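Biologist: Mind walking me through this one? I'd like to start with the cysteines and then get to the helix packing.

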Amino acid sequence: MTQNQPVPNFATAAMALKGVSRTFDEGERELRILKDVNFAIQPGEMVALVAPSGTGKSTLLHIAGLLEHPDEGAVLIGSINCAELDDEERTAVRRTDIGFVYQFHHLLPEFTALENIMMPQMIAGLSRKEASVRAQELLDYMRLGERGSHRPSELSGGEQQRVAIARAVANAPKVLLMDEPTGNLDPDTAHYVFDALKALVKASGVAALFATHNMDLAARMDRCVTLSDGQVVGFQL
């Protein structure tokens with residue numbers, strides 16, 4: 001595995017971390033997890049984040065997703081430095097510009113697949129009719145068009161995760177952040193879900209950061225990065 005220090009293109013990035021650092025207090029000492037991180041993802045780009053536990057992967061994802069503040073540096077979504085926004089403004093950016101997909105789908109069990117995808121759209125201000133049309137389009141795209149009336153318990157693991165992906169992109173975000181989204185799936189289903197996800201990324205132009213330990217999937221992305229000594233570095237499999 002060959003590592004290199006990538007040169008980020010901040011000018012055209014959908015999401016960028018610029019000079020980001022994050023330190024935690026651990027007893028009487030400080031633990032610096034991220035150190036002057038400079039990292040950017042372009043629209044339509046799919047980047048694999050492959051890093052061992054304890055290296056700062058979750059911290060990086062939380063800061064990129066505006067769930068956590070950096071101690072220093074800028075978090076850019078498009079041209080907006082979200083590190084300078086207050087909590088209400090950050091919530092508004094998350095709602096419209098960032099989608100999240102986790103290892104566990106976190107679908108609401110009492111609602112159908114269609115309703116789960118409608119919900120973030122309605123929270124963002126769309127009418128029920130508009131949200132329903134968009135949700136059905138996404139279900140059709142994910143080859144789940146006939147499953148919209150089913151609740152999560154009536155869907156397979158792969159189907160649930162595809163619904164979660166559709167929900168994450170329902171508001172046409174600029175950035176899609178994923179933490180082991182295929183980690184609970186068998187290999188064949190994981191590859192099927194990944195294929196659907198990659199097609200969606202390329203068709204929509206969303207910038208996708210995909211945290212994974214699956215090297216086969218990582219090798220199929222546009223590029224791979226890892227964390228080394230608190231910084232993002234690129235590598236080739």
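Modeller: Sure. A disulfide here is a pair of cysteine sulfur atoms within 2.5 Å. Keep in mind that this is a predicted model.

Biologist: With that cut-off, how many disulfides does a search of the whole structure find?

Modeller: The search looks for cysteine sulfur atoms within 2.5 Å of each other. Run over the whole structure, its count of disulfides is 0.

Biologist: And cysteine 82 and cysteine 224, are they buried or exposed?

Modeller: The cut-off for buried is under 20% relative accessible area. Cysteine 82 comes out at 0%, and cysteine 224 at 8%. Both values fall under the cut-off, so cysteine 82 and cysteine 224 are buried.

Biologist: On to the helices. How are α3 and α4 oriented to each other?

Modeller: Helix α3 covers residues 113-123 and helix α4 covers 128-141, and their axes come within 8 Å. The crossing is right-handed, at roughly 125°. Angles of 65 to 115 degrees count as roughly perpendicular and those over 145 as roughly antiparallel, and this one fits neither, so α3 and α4 are oblique.

Biologist: Which class of residue has 9 members in the contact of α3 with α4?

Modeller: α3 brings Ala113, Leu114, Glu115, Ile117, Met118, Gln121 and Met122, while α4 puts in residues including Arg128, Ala131, Ala135, Leu138 and Leu139. In that contact 4 residues are charged and 3 are polar. The class with 9 is nonpolar.

Biologist: What about α5 and α6, how do they lie relative to each other?

Modeller: The axes of α5 (residues 157-168) and α6 come within 10 Å and cross at roughly 20°. This crossing is right-handed. Since angles under 35 degrees count as roughly parallel, α5 and α6 are roughly parallel.

Biologist: Which residues of α6 make the contact with α5?

Modeller: From α5, the contact uses Gly158, Gln161, Arg162 and Ile165. On the α6 side the residues are Thr189, Tyr192, Val193, Leu197 and Leu200.

Biologist: Threonine 182 caught my eye. Which residues is it in contact with, leaving aside neighbours within four places in sequence?

Modeller: Threonine 182 sits in the loop between β8 (175-179) and α6 (187-204). Its relative accessible area is 6%, so threonine 182 is buried. With those sequence neighbours left aside, its contacts are Ala190, Val193, Phe210 and Leu217.

Biologist: Why is helix α1 said to be largely enclosed by the rest of the structure?

Modeller: Helix α1 runs over residues 57-64, and its buried residues are Lys57, Thr59, Leu60, Leu61, Ile63 and Ala64. Just after α1, leucine 66 takes a positive phi of about 60°. The helix counts as largely enclosed because its buried residues number 6 of the 8.

Biologist: Last one: which strand holds the valine that valine 225 touches at position 47?

Modeller: Valine 225 is in strand β10 (residues 223-228), and with 1% relative accessible area it is buried. Leaving out residues up to four places away in sequence, valine 225 touches Phe39, Val47, Val50, Val233 and Phe235, among others. Valine 47 is buried too, at 0%, and its own contacts include Ile41, Phe210 and Met221. Its strand is β4.

Technical notes. Residues numbered from 1 in each chain as written. Predicted model: local features only at pLDDT ≥ 70, side-chain atom pairs only at ≥ 80, totals over all residues. Heavy atoms only, no water. Buried < 20%, exposed > 50% of the residue type's maximum accessible area, 1.4 Å probe, protein only. Axes fitted to C-alpha atoms, helices over the stretch in contact; angles between N-to-C directions. Helix = DSSP H or I, 4+ residues; strand = E, 2+ residues; numbered from the N terminus. Left-handed = near helix turned anticlockwise from the far one by under 90°. Contact = heavy atoms within 4.5 Å. Nonpolar A, V, L, I, M, F, W, Y, C, P; charged D, E, K, R; others polar.
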